[in-house]
Amino acid sequence: MTTTENRYPLLHKIDSPADLRQLSAGELEPLARELRNFLIQSVSQTGGHLSSSLGTIELTIALQYIYNTPDDRLVWDVGHQAYPHKILTGRRERMSTLRKKDGLSGFIKRKESDYDTFGVGHSSTSISAALGMAIAAEKTGSSRKAVAIIGDGAMTAGMAFEALNHAGHLNNDLLVILNDNEMSISPNVGGMSNYLAKLLSGKLYTSVRESGKKVLSAVPPMRELARRAEEHMKGMVIPGTLFEELGFNYYGPVDGHDIPTLITTLRNLRSHKGPQFLHVVTKKGRGYQPAEENPCTYHGVTPFDPDNGKMHAANTASSTPTYTQVFGDWLCDMAKQEPTLVAITPAMCEGSGMVKFSRQFANRFYDVGIAEQHAVTLAAGLACDGIKPVVAIYSTFLQRAYDQLIHDVAIQNLPVVFAIDRAGLVGADGPTHAGSFDLSYLRCIPNMVVMAPSNENECRQMLYTATHLNGPSAVRYPRGRGPGVAVEQTMQAIELGKGVVLKQGQSVAILAFGSRVQVAVAAANELNATVVDMRFVKPIDEALILELSNNHDLLVTIEENVIMGGAGSAVNEVLAAQNVVLPVINMGLPDEYCEQGDHESLLEGYGLSKAGIIKQVNDFHQQTACHTIGARTNSH
């Protein structure tokens, strides 16, 4: 037997859920222990989302045991909780490639497996998608089932409640499972609630309820009295009134680590008609002490020692701050100067570097949950009445509030500052989290000012500049550390819409935006090219662009954003408007979704490295020379 077979004898037998269903009920608990140990060992090598996945092991086993996947549709929200799902659906041997180039995605991905029924990365989409599948099943005459598994954090988003409201109205066969891993809805978990869930989901209770409805339907007052009595009885022991009012039959809360209870309850619910809601309570990090004690720390981890939970030291010197840390420090410093400043985040306090601010200025900090639309319009309302709101948000999540950005902020020209983190590629998190589009979708909005810092100090000064504008502004910066430029504590505004020439060269001018400035300087040293830190994408420095076009034979634009509609396109538009005919090379991300992988390797692959710039410029000169020689030959 191999080492894997010895350590995980049950798990080793399972290459698909069909294999899982061959196990006896008594083998499921030992399987859960093996799966938990395998998951810890695997993620300790690759990094990834650990705490949430440890909390869903028993639930995943029970779902795959009862439901006939992939014909039955399981829709996982976000994907943070879905590593056990990946392992049990034929990807166990590929878990070592998790979040790596050409490896397994850290999220659910349709093209990766037939068992991944709906691609996810952003939260709160599962109920809408599963409802769509339930409707499709009805229209095609299929008997397959649809199940949405959503975390309690994702239930803070309005989209989840929009879907619940619609599902309750349509009455299609749909099961929504709320994975409550923070005890945020109810602490009422134990023997009584487990017993009630099994009882209420059973055939006897269901048949009595439906028979009672038929009998009392002829006497409307009595039917209403019975309905209210049922709700009040259930409300005494279970917190399901809200979901019942939305049209769901509510069951739970049940212990999400109790496999026998989960099996019985899910078997009952699979046969029920109409919308059903099951509330399970799990513990993040279940079965691994470091993750149980610090579920937030172990939510997303780098590689670590599985024996003690200590994460391996990063290679980068800790003395160099990340852009996120630069923002967090600036926010606290700015708040000391500006008493009307407040900060808003859609459930990304830690990720956006706001922990220190939230403690020092608790009454000026608003974490609105996973509710990006609300975050932006809340900021708009604050700005209407003299408050200076700063919205700290990831580039990919601002996409979710695009209408609010235009309708509620920009049209009214309100002074809201958007501190946009994770701009550009994000490495291992892949396309659902990449900030590939923000320069394109921001610069087309009237009234917006868009800035892209090239180093840590520039980031601080741009943020300060943004707070002194009379309209909406965005400062977009990448994940991770900058080039190591010292941050000046003194803050001063930058002249609006003005770039800076960093190096004077000949023939070629490189117009660099944000994170690609330092790379452009390195390439220019070998090309004898001019380099400009453009700083502003909007308003763009038109005078500087025209000056460069008069003194150079070739312009090169470079940005960590899609080329289409991006900063390079803005340069092209300036030249076209002035009838300037000049060769331009636009460098940026291609018209495709950039997959996961090492950040620097991805940039190199897209030609956005020093070598990539040099190659494209030299290729251009070589092609130009060939055309010139060809033209001369033809003329003779």
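In which sense do β6 and strand β7 (residues 365–367) pair, and over how many bridges? In this predicted model, the two strands run in the parallel sense and share three bridges. One of these positions can be named: alanine 343 has phenylalanine 365 of β7 as its bridge partner. Between the two strands the chain passes through helix α16 (residues 355–360). This β-α-β crossover from β6 to β7 is right-handed.

Strand β6 also pairs with strand β8 (residues 388–394). This pairing is again in the parallel sense and spans four bridges. Here isoleucine 344 lies opposite valine 391 of β8. Strand β6 itself covers residues 341–345, and five of its five residues are buried. In a regular strand the side chains alternate between the two faces of the sheet. For β6, both faces are covered. Leu341, Ala343 and Thr345 are buried on one side, and Val342 and Ile344 are buried on the other.

These strands belong to an open sheet of seven strands. Its order is β7-β6-β8-β9-β11-β10-β15, and its pairing is mixed. The edges are formed by β7 and β15 (536–538). Each of these two has a single partner strand, so one side of each has no neighbour in the sheet. On average, neighbouring strands of this sheet are turned by 20° against each other, direction ignored.

Two residues of the seven-strand sheet were examined in detail. Phenylalanine 418 lies in strand β9 (residues 417–421). Its relative accessibility is 0%, and phenylalanine 418 therefore counts as buried, the cut-off being under 20%. Its contacts, not counting residues up to four places away in sequence, are Val376, Val391, Leu398, Leu405, Val409, Ser473, Ala474 and Val475. Among them is Val391, the residue of β8 that stands opposite isoleucine 344. Tyrosine 394 is 24 residues from phenylalanine 418 along the chain, and their C-alpha atoms are separated by 9.6 Å.

Methionine 451 is located in strand β10 (residues 449–451). This residue is buried as well, with a relative accessible area of 0%. Leaving out residues up to four places away in sequence, methionine 451 touches Met462, Ala466, Leu469, Ser473, Ala474, Val475, Arg476, Arg535 and Phe536. Ser473, Ala474 and Val475 are contacts of methionine 451 and also of phenylalanine 418. The C-alpha atoms of methionine 451 and threonine 465 are 9.8 Å apart, with the two positions 14 residues apart in chain numbering.

A further open sheet has five strands, in the order β12-β14-β13-β16-β17. Its pairing is also mixed. Strands β12 (500–503) and β17 (584–589) are its edges, and each pairs on one side only. The average turn between neighbouring strands of this sheet is 25°, direction ignored.

Within the five-strand sheet, strand β16 (residues 554–562) has parallel pairings with strand β13 (residues 508–512) and with β17. The pairing of β13 and β16 runs over five bridges. The pairing of β16 and β17 likewise runs over five bridges. Valine 556 of β16 takes part in both. It is the bridge partner of isoleucine 510, and it stands opposite isoleucine 585 in β17. Helix α24 (residues 567–577) joins β16 and β17 in a right-handed β-α-β unit.

Helix packing was also analysed. Helix α5 (residues 57–66) packs against helix α13 (residues 259–270) at an angle of about 40°. Their axes are 9 Å apart. The two helices are therefore oblique to each other. Their crossing is right-handed. On the α5 side, the contact is made by Glu58, Leu59, Ala62, Leu63, Tyr65 and Ile66. On the α13 side, Ile259, Leu262, Ile263, Leu266, Arg267 and Arg270 take part.

Conventions: Residues numbered from 1 in each chain as written. Predicted model: local features only at pLDDT ≥ 70, side-chain atom pairs only at ≥ 80, totals over all residues. Heavy atoms only, no water. Buried < 20%, exposed > 50% of the residue type's maximum accessible area, 1.4 Å probe, protein only. Pairing = 2+ DSSP bridges. Right-handed = clockwise from strand over helix to strand, strands pointing away. Axes fitted to C-alpha atoms, helices over the stretch in contact; angles between N-to-C directions. Parallel < 35°, antiparallel > 145°, perpendicular 65-115°, else oblique. Left-handed = near helix turned anticlockwise from the far one by under 90°. Contact = heavy atoms within 4.5 Å.
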